[in-house]
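Me: Please take me through one part of this structure up close. Then work outward from there, in short steps, for someone who has not seen it before.

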Amino acid sequence: MDLEKPAREGSETRVDLRKRVPEPAAPPVREAAPEGCLAVAIRIPVRIVVLVLVVPVRMVWDALVVVGRFLNDVLFRPLGRALLWLGRAVFVWPFVGLWRYVVVPVAKALGWLGNVLLVVPLVWLYRHVLTPVGHAIAWVVTRVARGIGAALGWVYSYLLTPVGRAVLWVLKGLGAVLAALGAGVYAVVAWFARYLVVVPAVWLYTWVLAPVGRAIAWCAKGLVWLVSVVVTGIGTALYWIARILFVLPALAVWRWILTPVGRVLAVIGREVADALGHAWRIAGHISLAVGRFLATLLRWIFVEPVRWVYRSVLTPVGHLVRDVVLRPAAEASRSVGRATRQALAAARESVRQARADFRRMLFGEPRQPQPVDLGEPSGREARTLGSSTTALTKD
């Protein structure tokens, strides 16, 4: 009893867990938007008028589709295949044959001829003439360049280097003298420039130009403030004038005239579009029903009588003609053919025998070939060490 309690508790907990699992919620159903009385009043007459106008158009459209499919299957597709085959035969195949049997062989022949007449002689000339001549010229140029380089090195080492060092020493001395003179001249010019140009310019900037510039900047700020105030006032006045004269009337026209008219036109357009869709589908069903009625009528008027005539009249008559006329005629023709073939075979065999007898009568029996003895043992006799098979040592 104590052992059964945990099992029951476990099963109860399992049941509780299964009960606690939430079920998947159903998808929310979208409620249709409420429609106004204008849409309901417009819908029925518009759908009636559109249905009356669309039914003939849909029936004509279905008839054109059927005619187009029939023409496509019977006329256009075979005509297109014939034109495609004709185009291939007139344009593709001649060029393919010309390329395969004329251009490619001629190109291969020209390539072989060019290889024999141009490439092979040029390779031989390059390998046996130009390469040795080039090597000789390179060896000569290398030797001459080495001699010239040695001479120029001797001139540079023993002539130009001492002269250059002497000229460099002289130039260093002149540079030191000129540097000293330049430093003195620079110091004098800098002193004169400082006390004759820089000091007066600093005084003029500090005590004359700076106060004048500050006064001009203050006047300019005041003028800019005055102009900004005037422009702001004029802009505010123009803004309110434009708003009162243009924006508010346009907003009123948009809000009280164009928006209601647009909503009415949108409702009418939506209803007309829905009516066209419904009318097109209904016209499709009507056209399908009319087509099935016409097909059934055509079947009962033409197809079924023709099928009955074929099954009940033509098929028995055809079987009777086949069994009574065609099969006996075929058997008779086959027997006549067999007899004719046997007669022709007998005639050919007779002519062959007569020709052989005539040939034997004129030229006699043909000579039979005699077997030649080559001195070889027959198949039953085998060679041994005690017997010879040659013509000289034969016993």
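**The nonpolar core and what lies around it**

Reply: The largest nonpolar core has seven residues. Its members are V46, V50, V54, V55, A275, A279 and A283. Keep in mind that this is a predicted model.

Start with A283, one of those core residues. Set aside its neighbours within four places in sequence, and A283 is in contact with V54, V55 and R58. Two of these names, V54 and V55, also belong to the core. R58 is not on the list of core residues.

R58 leads to the next stop, because R58 is also touched by S287. Leave out residues up to four places away in sequence, and S287 touches R58, M59 and D62. S287 lies in helix α2. Is S287 buried or exposed? S287 is buried, since its relative accessible area is 9% and buried means under 20%. D62 deserves a second look. The side chain of S287 makes a polar contact with the side chain of D62, at 2.4 Å. R58, then, is a name shared by two contact lists: that of A283 and that of S287.

How does this fit the whole chain? The protein chain has two helices and zero strands. Helix α2 spans residues 37-363. Of the 395 residues, 5% count as buried. S287 is one of the buried residues. The chain exposes about 35000 Å². Carbon and sulfur atoms supply 73% of that area. Contacts can also be sorted by sequence separation. Among those between residues at least 6 apart, 67% join residues at least 24 apart.

Helix α2 also holds T206. Unlike buried S287, T206 is partly exposed, at 40% relative accessibility. A polar atom of the T206 side chain lies 2.8 Å from the backbone oxygen of V202.

Now the charged side chains. Side chains of opposite charge can pair when their charged atoms come close. How many salt bridges does a search of the whole structure find? It finds eight.

One of them joins R352 and E349, with the closest N and O atoms 2.6 Å apart. Both residues sit in helix α2. They are three residues apart, so about one helical turn separates them. R352 is partly exposed, at 42% relative accessible area. E349 is partly exposed too, at 38%. Elsewhere, salt bridges that share partners join R299, E304 and R307 into one network.

Look at one link of that network. E304 forms a salt bridge with R299, and their closest N and O atoms are 3.0 Å apart. The two partners differ in cover. E304 is buried, because its relative accessible area is 19% and the limit for buried is under 20%. R299 is partly exposed, at 42%.

Another salt bridge joins D323 and R322. Here the closest N and O atoms are 3.5 Å apart. D323 counts as partly exposed, at 39% relative accessibility. R322 counts as partly exposed as well, at 34%.

Last come the aromatic rings. A pair of aromatic rings is described by the distance of the centres and the angle of the planes. The whole structure contains five aromatic pairs. W191 and F192 form one of them, with centres 5.2 Å apart and planes at 80°. This pair is edge-to-face. F192 is partly exposed, at 42% relative accessible area. Y239 and W240 form another edge-to-face pair, at 5.6 Å centre to centre and 75° between the planes. Y239 counts as partly exposed, at 47% relative accessibility. W240 counts as partly exposed too, at 44%. W191 and F192 return in a cluster, where ring pairs link them with Y195.

To retrace the path: A283 belongs to the nonpolar core. A283 contacts R58, and R58 is touched by S287. S287, in turn, makes its side-chain polar contact with D62.

Conventions
Residues numbered from 1 in each chain as written. Predicted model: local features only at pLDDT ≥ 70, side-chain atom pairs only at ≥ 80, totals over all residues. Heavy atoms only, no water. Salt bridge = Lys/Arg side-chain N within 4 Å of Asp/Glu carboxyl O. Buried < 20%, exposed > 50% of the residue type's maximum accessible area, 1.4 Å probe, protein only. Helix = DSSP H or I, 4+ residues; strand = E, 2+ residues; numbered from the N terminus. Phe/Tyr/Trp six-rings, centres within 6.5 Å; stacked < 30°, edge-to-face > 60°. Contact = heavy atoms within 4.5 Å. Areas by Shrake-Rupley, 256 points an atom, 1.4 Å probe, with all protein chains shown as cover. Polar contact = N/O pair within 3.5 Å; in protein donor to acceptor, adjacent residues only side chain to side chain. Core = buried A, V, L, I, M, F, W, Y, C linked by side-chain atoms within 4.5 Å.
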